[in-house]
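Notebook open, viewer open. I'll jot down what I looked up, in the order I got to it.

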Amino acid sequence: MQDKKTFIAKTLHGLEELLANELKTIGAEDVTIQRRMVSFTGNTETLYRANFQTRTATRILMPIYEFKARNEEELYGLAKKFDWTSVMELSHKFAVDATVNSETFTHSHYIALKLKDAVADHFRDRFGRRPFVDPKKPHIQLHIHINNHDCTVLLDSSGESLHKRGYKLYQDIAPINEVLAAGLILLSGWDAKTPFIDPMCGSGTIAIEAALIARGIAPGIFRKNFGFENWLNFEKDTFEKVFNDESYERNLTPTIIGGDVSKRAIDLTILNAKNAGMHKFISTEKRSVFDFEPPQGPGTVITNPPYGERLKKEQITTFYKQLGDCFKQRYQDYKVWMLSGNMEAIKRFGLHASKTYTLFNGPLECKYLKYDIYSGSKKMKYKEK
Ligand SMILES: C[S@@+](CC[C@H](N)C(=O)[O-])C[C@H]1O[C@@H](n2cnc3c(N)ncnc32)[C@H](O)[C@@H]1O
């Protein structure tokens, strides 16, 4: 049995519990939820699976060195003492970023520079040469987190953020990221059997993530590279085992539809779905949401309508009012989930949300709201505002 190590999985605000569940499913232990992150323990296989299989993690970090420092000079001195040859070679390009929460250390950029110097000087003292820094495409990405005087250096096992699955080569204006899209679907509890519709699908992110979930396809399958593949102790066999594991794939073929009024959006959705190998499972409709006829419910709508940055206030509030009316009339027996950052417009939707989450689309605070649209004898059950 390999040594258990501690890891930190980062995520977006509001997705922590989903990530904790995903981590438990892949065999992680000591899973503990923190703010926008989940810590866990496991072996190398757990680390590779966390990168390859979880849909709601943005990156997975491994703490490698913890120390206390009272000032920047002490930080530099202690960091230089660490045996950096245990994590990288002279030929590796590296990068450092820092987050600080401290009265002593206030400039994260300066802290990152100090750690970078410490690593470079460690190599120079031992070998007369120093490794190059490459902030854009480093082989080894280091993070330093400082809380008061407690410093933790972490190795980034992911490389590029895990939301960059690799299938989305084309995007329309205002796309949501793949981790957020997967989070929306998992929060909705969609059963992956009943119809799933995003009638304002843009570049198709939500529909494609829905298809990947339905089929049980690991989101990591499209990535060219994970940070851990550059590590000195990279276990190729373990990664191949994780990569080739199809045991969690499923044969479900629910109806999944992406609609959009824009031809360009539909073209991009088709291209991205092809890249993800999901085009067989997603149908597209170039049509206004107001002309779209959904399949018979029960079903699920998850959508991210325009927030109205490019529209006049009255136009966008009227749009949301019409949208609410449209869902009420046409989507009987559906659960309609909407992500929007336009709080004024949401109020005009005209239906009472049975659940509300606060999430962030990039830096923008959004509400993710659930509306239960009842049919037939239950018609009166949905509450109109
Ligand atoms: C915020 S974007 C959705 C982004 C999408 N979630 C993604 O990841 O790419 C909103 C989309 O709504 C579409 N839209 C606007 N009005 C529409 C309408 N009446 N019917 C259907 N789609 C509409 C826009 O063309 C745009 O693609």
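Term first: helices (H or I, at least four residues) and strands (E, at least two) are DSSP runs, numbered from the N terminus. With that I could place Leu351, which lies in the loop between α10 (343-347) and β13 (355-361).

Housekeeping next. This is a predicted model, where local features need pLDDT of at least 70, side-chain atom pairs count only at pLDDT 80 or more, and totals for chains, interfaces and linings use all residues. Residues are numbered from 1 along each chain as its sequence is written.

**Leu351**

Is Leu351 buried or exposed? My cut-offs: a residue is buried if 20 or more other C-beta atoms lie within 10 Å of its own, exposed if 12 or fewer, and partly exposed in between, with C-beta atoms placed from the backbone. Leu351 counts as buried because it has 20 C-beta neighbours inside 10 Å. I also checked Leu351 against Gly27: C-alpha to C-alpha they are 41 Å apart, with their positions 324 residues apart in sequence.

**Whole chain**

I get 10 helices and 14 strands for the protein chain. The C-alpha trace spans about 75 × 45 × 40 Å along its principal axes. The radius of gyration (over C-alpha atoms; the globule rule is 2.2 Å times the number of residues to the power 0.38) is 23 Å, which agrees with the value near 21 Å for a compact globule of 385 residues. Buried residues make up 42% of the 385. For contacts I used C-beta atoms, placed from the backbone, within 7 Å. Of those between residues at least 6 apart in sequence, 77% join residues at least 24 apart.

**Sheet with β1**

Pairing rule: two strands pair if DSSP finds at least two bridges between them. I traced an open sheet of seven strands, order β2-β3-β1-β4-β7-β6-β5, with mixed pairing. β2 (29-34) and β5 (94-101) each have a single partner strand, so one side of each is left without a neighbour in the sheet. For angles, axes are lines fitted to C-alpha atoms, for helices over the stretch in contact, and angles run from 0 to 180 degrees between N-to-C directions. Neighbouring strands here are turned by 30 degrees against each other on average, direction ignored. Helix α1 (residues 16-25) packs on this sheet, touching β1, β2 and β3 (37-42), and its direction makes about 170 degrees with that of β2. Helix α4 (residues 108-127) also packs on the sheet; it touches β5, β6 (140-147) and β7 (150-156), at about 140 degrees to β5.

I then looked at pairs. β1 (residues 5-10) and β4 (residues 59-68) are antiparallel over three bridges, and Lys10 stands opposite Arg59 in β4. β2 and β3 run antiparallel too, joined by four bridges, with Thr32 partnered by Ser39 in β3. They form a hairpin with two residues between them, and Arg36 in the turn has a positive phi of about 55 degrees.

How many of the six residues of β2 are buried? The count is zero. Helix α2 (residues 44-53) is mostly covered, with seven of its 10 residues buried, among them Leu47, Tyr48 and Arg49. Those buried residues pack against β1, α1, β3, β4 and α7 (236-244).

**Sheet with β11**

Another seven strands form an open sheet, order β10-β9-β8-β11-β12-β14-β13, again with mixed pairing. β10 (283-286) and β13 stand at its edges, each with a single partner strand. The average turn between neighbouring strands is 20 degrees, direction ignored. Helix α8 (residues 263-275) packs on this sheet, touching β9 (256-260) and β10, and makes about 170 degrees with the direction of β10.

β11 (residues 299-303) has five of its five residues buried: Gly299, Val301 and Thr303 point one way, Thr300 and Ile302 the other way. β8 (residues 196-198) pairs parallel with β11 over two bridges, Phe196 facing Thr300 as bridge partner. Five bridges join β11 to β12 (residues 334-340), also parallel, and Gly299 has Tyr334 as its partner. β12 and β14 (residues 364-372) are antiparallel over six bridges, with Trp337 partnered by Lys370.

**Ligand**

Last stop. I count a residue as near if its C-beta atom, placed from the backbone, lies within 6 Å of the molecule. That gives 21 residues around the ligand, the closest being Pro175, Met200, Gly202, Ser203 and Thr205.

Notes. Contact = placed C-beta atoms within 7 Å.
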